[in-house]
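Dear colleague,

I am passing on the structure below, together with notes on what turned up when I went through it. Please read the notes with the coordinates open beside you.

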Amino acid sequence: MERQILLSPLLFNHTIERLSHELIEKHNDFSDSILIGLQPRGVHLLTRLKYIFNTVHQQEIQCGVLDITFYRDDFRRREKPLIPSVTNIDFIVENKKVILVDDVLFTGRTIRSGMDALLAFGRPKSIELLVLIDRRFTRELPIQADFVGRTIDTLTSERVSVEWKDIEGKDQVLLYTPSE
Amino acid sequence: MEQLSVKHLLGIKELTENDIHLIFKTAESFKQVINRPIKKVPSLRDITIANLFFENSTRTKLSFELAEKRLSADILNFSAAQSSVKKGETLIDTVNNILSMKVDMVVMRHSKPGAPHFLSQKVNARIINAGDGTHEHPTQALLDAFSIKEKLGEINGKKIVIIGDILHSRVALSNIYCLQKCGAEVMVCGPHTLIPKDIHLLGVKVEHNLINALKWCDIANVLRIQLERQDIQYFPSLREYSMLYGLNKEIFKKIDKEIFIMHPGPINRGVEITSDVADSSQSIILQQVENGVAIRMAVIYLLAAQI
């Protein structure tokens, strides 16, 4: 297994900060906009974004977390059942501009389930997608992100791992390539 | 603990402690789902479930049906009263005929203890026991324990008394297994004739005085007198039973302690429990019914994952 660093700790944080600026350009004061992190790994990115908004921009944003387990299309096609995480959306989604937040965009199937799960809470005005890493050319559904931290070209056999300081000990993005 | 250790839910006896915790954890998520504006998830849209009720049921049948619908499964309903069972068809034939219509799971209630166990060895489908005679009623025990956990925060170390017709009650047996696996202390309380002679071998306390039992417990689970299963008279009259073992406001004044009341339904108001107790804030009877849907969704979901 070959290991390559895609984003070093410094670049990692610059990238997320840039994403926060892009969000402000489009959503201004966030009076009508909400960020929703997808369980489990998108929630870490959401927490970091929220921290940057609070400290760097001195701005409060409304956030929720969404579990998509029951909306996945690979139930019964995996070896083990999917065990759900917590959903926490304690506000009205109706007519809001929702930004879904996830760490990696790969096949697009998670995002499809995420949109399905979100619609169970009402009819948002719009849904956008923010990801830290966009794995280009690996999509299985016609889904694209609106805010992208870094676009990369990968093979389906490769694995991208986003690591967080408070969980894995270091902020970084790694690419694992299976050795032949 | 990511998968159930069993292929069928035949009884609590066959479940491990981990299985029970996995079902509770999954049920918590489903409870969130059924409180959303859209109460339905698409997980089981490629599964067909047959509900076979060879014995009458209202609550359990509706609860299973709703759980299946909330999971987007296709369902078939069958009640013995209007079927070929009356024409002499055997249980295996009935079920195999239904299964040849490509059914993946069977929810069954039957008056004969062990009927779902027998079926699970003979047919190729997942079986959920929705009550077999006087034997087990596993989903009821799971929802009872789940409701206790929700109310008291945990089950471990809590004291629960089951009051009434223990002899004819499948709810009592399943509850004893389930609560003990979760670490609770269990007592049974009722007249001598309605308590099985050797029940202490299951590790439960036995008490015949209602006041003593209530003073001991954190939660009282009150059972219905199952007159339809009683072939002889076990007590002189309902009135006498009600005077000795019926729960009413006066008794709670005497024990001077906050305990919660549960009942698996249907309630016989004025027999085992009076209206002022059944409708009081101590009673969590309606929460039990709500939790029943979430628990059944969790059980069906976890079993379907293995198909």
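P40(A) is found in the loop that runs between strand 2 and helix 2 of chain A, and in this predicted model the peptide bond that joins Q39(A) to P40(A) is cis, with an omega of about -5°. The elements on either side of that loop belong to a β-α-β crossover, in which the chain goes from strand 2 of chain A through helix 2 (residues 42-55) to strand 3 of chain A, and the crossover is right-handed. Strand 2 (residues 33-38) and strand 3 (residues 62-66) of chain A run parallel and are joined by 5 bridges; within this pairing, G37(A) has V65(A) in strand 3 as its bridge partner.

Chain B also has a cis peptide bond, between G265(B) and P266(B), where omega is about -10°. P266(B) lies in the loop that leads from strand 9 to helix 10 (275-278) of chain B. As general background, most peptide bonds are trans, and most residues other than glycine have a negative phi.

That second point is relevant to two further residues, one in each chain. N28(A), although it is not a glycine, has a positive phi of about 50°, and N28(A) sits in the loop between helix 1 (9-27) and strand 2 of chain A. Is N28(A) buried or exposed? N28(A) has 10 other C-beta atoms within 10 Å, and because a residue counts as exposed when that number is 12 or fewer, N28(A) is exposed. In chain B, S72(B) likewise is a residue other than glycine with a positive phi, here near 70°, and its place is the loop between helix 2 (59-70) and strand 2 (74-79) of chain B. S72(B) is partly exposed, since 15 other C-beta atoms lie within 10 Å.

Turning to the sheet in chain B, 5 strands form an open sheet in the order 7-6-5-8-9, and the pairing is parallel. Its edge strands are strand 7 (205-207) and strand 9 (260-262) of chain B, each of which pairs on one side only, and from one strand to the next the twist averages 25°. Strand 9 of chain B is also the strand that precedes the loop with P266(B). At the other edge, strand 7 of chain B runs parallel to strand 6 (residues 185-189) of chain B, to which 3 bridges join it, and M187(B) has K205(B) in strand 7 as its bridge partner.

As for chain A as a whole, its secondary structure comes to 4 helices and 8 strands, and from the N terminus on the elements run β-α-β-α-β-β-α-β-β-β-α-β. The radius of gyration of chain A is 16 Å, close to the 16 Å that the globule rule gives for 180 residues, so chain A is as compact as a globular protein of that length. The C-alpha trace of chain A spans about 50 × 40 × 30 Å along its principal axes. Of the 180 residues of chain A, 34% count as buried, and among the contacts between residues at least 6 apart in sequence, 68% join residues at least 24 apart.

Finally, the contact between the chains takes 13 residues from chain A and 16 residues from chain B. The side of chain A that touches chain B has 8 nonpolar, 2 polar and 3 charged residues.

With best regards

Technical notes:
Residues are numbered from 1 along each chain as its sequence is written. Chains are lettered from A and ligands numbered from 1 in the order in which they are written. This is a predicted model: local features need pLDDT of at least 70, side-chain atom pairs count only at pLDDT 80 or more; totals for chains, interfaces and linings use all residues. Helices (H or I, at least four residues) and strands (E, at least two) are DSSP runs, numbered from the N terminus. The radius of gyration is taken over C-alpha atoms; the globule rule is 2.2 Å times the number of residues to the power 0.38. A residue is buried if 20 or more other C-beta atoms lie within 10 Å of its own, exposed if 12 or fewer, and partly exposed in between; C-beta atoms are placed from the backbone. Two residues are in contact if their C-beta atoms, placed from the backbone, lie within 7 Å. Ala, Val, Leu, Ile, Met, Phe, Trp, Tyr, Cys and Pro count as nonpolar, Asp, Glu, Lys and Arg as charged, and the others, Gly among them, as polar. Two strands pair if DSSP finds at least two bridges between them. Axes are lines fitted to C-alpha atoms, for helices over the stretch in contact, and angles run from 0 to 180 degrees between N-to-C directions. A crossover is right-handed if, with the strands pointing away from the viewer, the path from the first strand over the helix to the second runs clockwise.
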